[in-house]
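Got the viewer open? Let's take a walk through this one together, one selection at a time.

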Amino acid sequence: MSLNRRKFIGASAAAAVLSAPMVKAAGAGKPRVVVVGGGAGGATAARYIAKDSKGEVNVTLIEPTRKYYTCFFSNLYLGGFKEIEDIGHTYGGLAAGGVNVVHDWAIGVDRDAKTVALAGGGAVPYDKLILSPGIDFVEGSVAGWDLSAQNAMPHAYKAGSQSELLKAQLMAMPEGGTFAMVAPPNPYRCPPGPYERVSMVAHFLKQNNPTAKIIVADPKEKFSKMALFQEGWNSHYAGMIDWIGDDFGGGNVSVDPDAMTVTIDGEVTNVDVCNVIPAMKAGRIAELAGVTDGNWAPVHAADMSTKADPDIHVLGDASQQGDMPKSGYSANSQAKVCANAVRGALTGSKVFPAKFANTCWSLIAANDGVKVGATYEATEEKIAKVDGFISETGETSDVRKATYEESEGWYTGITTDMLG
Amino acid sequence: MSRLTRFSLSVAVVVLCATAAADEFGDPAAGERVYRQCKSCHLVGAGATHRIGPHLNGIFGRQAASYDDFRYSKALMRAGAGGLEWHAETLDTFLENPRAMASGTRMSFKGLKDAKDRLDVIAYIRTFSDNPADIPEADPTATATDHDLDPAILALEGDPDYGEYLSGDCTTCHQTGGGDDGIPSIVLWPEEDFVIAMHAYKNKDRLNPVMQMMAGRLNAEEIAALAAYFATLEN
């Protein structure tokens, strides 16, 4: 065993001489990768580096929750198409795949010592650090709301207990009551997400509380898949949804969680449920690591390394990369590019050129699925869009059903790809 | 639609498509009538069991002679062990003349000489392959021969290592374990079939927009690399 291992190290040292830059510290053991955040970006990166390096790289994933609820498909849970456990996943598959899974909070990064501090004490050393912390909310972005109000007015934009809370409130709505949503400004996680949510809430209410109303206060004048959603709202939920865009004062909004009122452009409305989706920024650890500029972490498109520190990579929602939407699919795609580059830098394995892709499926009503997607490449200044498509209005019910079924296949595919 | 309307429509189709090409779909309603010749031996549908022949539920993509609880002829078991799988292409060949394909088969049936009858009955049987019956990319559209690809493209030797990297774009949706709930399996395909299918998307001969987009940016070497990787993937 030890003989094989020595031979192995010898071989990889030879490879180092032949190939591109290697940061493996002289005299150290295996190179160490630390990944913070076990979502679509972090879990994928951890799994791919562990899998593809075949034990040559030591991979640690730091993720506070023991059970991960996917944000994607959490709207389908609100609509009654999924149970909460359908979107819950554990990290056992990653651990079995050779990833050291640590359930703790990363609370700081010492970039000189190259360590990540944990809330539970101690620090984890790294040669390469991958941050995939998702989003946090911009304080004060919705007047009258802060995190202490998230029980009265849930955001449900990090899936799990918040999703369950919003669902419970939806189920408890009085007959003919009012559901309000405060939609977020760009850029934010999952561009079609708020509008798929409106669709799923409408679906639930149509079944259970058909005289209820939905008001959406939106600081934007247009949104992702707008024509498709509006077509669907008209055909499935006529008269139920009142979307107030910025032209009509949708951006001039405040809430009062004690009184359960929403004030839109000076007009006060009593509401029964209020889903506040505030403005977003990179998950806090990115800011603590000092790799953010404004709300997000600028990265190089070729390998997702930050512009602030070549040994820190940022994936997914938290990154500022160019043209890709903030989505689980995007994070998964970026993670594979990053994993290939990081493994190459640490072990001398071949690094292939970056290719990215994204597709976002949304459900408007039962068997009425739509999708938008694009491919991307790395340029000097950003991840740039190459080609794309979007579902068309007026598609047949067969096409929409097939699109929905495809989204189910994608869900199984991506969760398996992330978590093993 | 009533059976009668469908029937008269399918008659019209027959007239229009007298020169049916291999890439056309059959009509399951017409196929149900053709299937009367089969059902004394083969049951299909809910609760179907093996009779004189094995039941035909879920036959698409299944290896020939693969039910443990059915006694096959040695000829068919040899064919199955040799890699014969039931797809539209292979079923078409087999149904035309079963003994030509497996000379010792116990299936004493002279065969369906009419290509349209075979298309129709295959389409009918396919409605009992529950998953992925609704996926346009799955059997029986995944035929191997209806292409005009440059032989030089088919002859390209793919680099499986490069394919492994590129496969990251596929595995977001397609499971390496071969599962196919809603999105078809792409593992262990013959390389040639894989290359033909990808070029069909690239050339927009196949319709799924996600696949047109994904294949559209891959060059012939990259497609060959992916084919080489997925053809050998073990999981």
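Start by selecting chain A and colouring it by burial: buried residues make up 50% of its 420 residues. Keep in mind as you look around that this is a predicted model.

Now switch chain A to a cartoon view. You'll be looking at ten helices and 24 strands. The radius of gyration of chain A is 23 Å, close to the 22 Å that the globule rule gives for 420 residues, so chain A is as compact as a globular protein of that length. Turn the C-alpha trace along its principal axes and it spans about 75 × 45 × 40 Å. If you draw the contacts in chain A with a separation of 6 or more, 70% of them come from residues 24 or more positions apart.

**Stop one: a hairpin**

Zoom to residues 106-110 of chain A, which are strand E6, and add residues 115-118, strand E7. How do these two strands pair, parallel or antiparallel? They run in the antiparallel sense, over four bridges. To see one of these pairings, pick A:Val109 and look across to its bridge partner in E7(A), A:Val116. Then move to the turn: E6(A) and E7(A) form a hairpin with four residues between them. Click on A:Lys114 there, and you have a residue with a positive phi of about 55 degrees.

**Stop two: a small set of strands**

Next, select E14, E15 and E16 of chain A, three strands that form an open sheet in that order, with antiparallel pairing. Which strands sit at the edges? Those are E14 (253-256) and E16 (267-270) of chain A, each pairing on one side only. Tilt the view to follow the twist, which averages 20 degrees from one strand to the next.

Stay here and highlight E15 (residues 261-264) of chain A with E16(A): four bridges join this antiparallel pair. Show the side chain of A:Val262, and opposite it in E16(A) you'll find A:Thr269.

**Last stop: where the chains meet**

Bring chain B into view. Here 21 residues of chain B are in contact with 27 residues of chain A. On the chain B side, select helix H8 (160-166), helix H9 (168-171) and helix H11 (209-216), the elements that give two or more residues to the side touching chain A. Which of them gives the most? That's H11(B), with five residues. Finally, colour this side of chain B by residue class: you'll get eight nonpolar, eight polar and five charged residues.

Conventions:
Residues numbered from 1 in each chain as written. Chains lettered and ligands numbered in written order. Predicted model: local features only at pLDDT ≥ 70, side-chain atom pairs only at ≥ 80, totals over all residues. Rg over C-alpha atoms; globule rule 2.2 N^0.38 Å. Buried ≥ 20, exposed ≤ 12 C-beta atoms within 10 Å, placed from the backbone. Contact = placed C-beta atoms within 7 Å. Nonpolar A, V, L, I, M, F, W, Y, C, P; charged D, E, K, R; others polar. Pairing = 2+ DSSP bridges. Axes fitted to C-alpha atoms, helices over the stretch in contact; angles between N-to-C directions.
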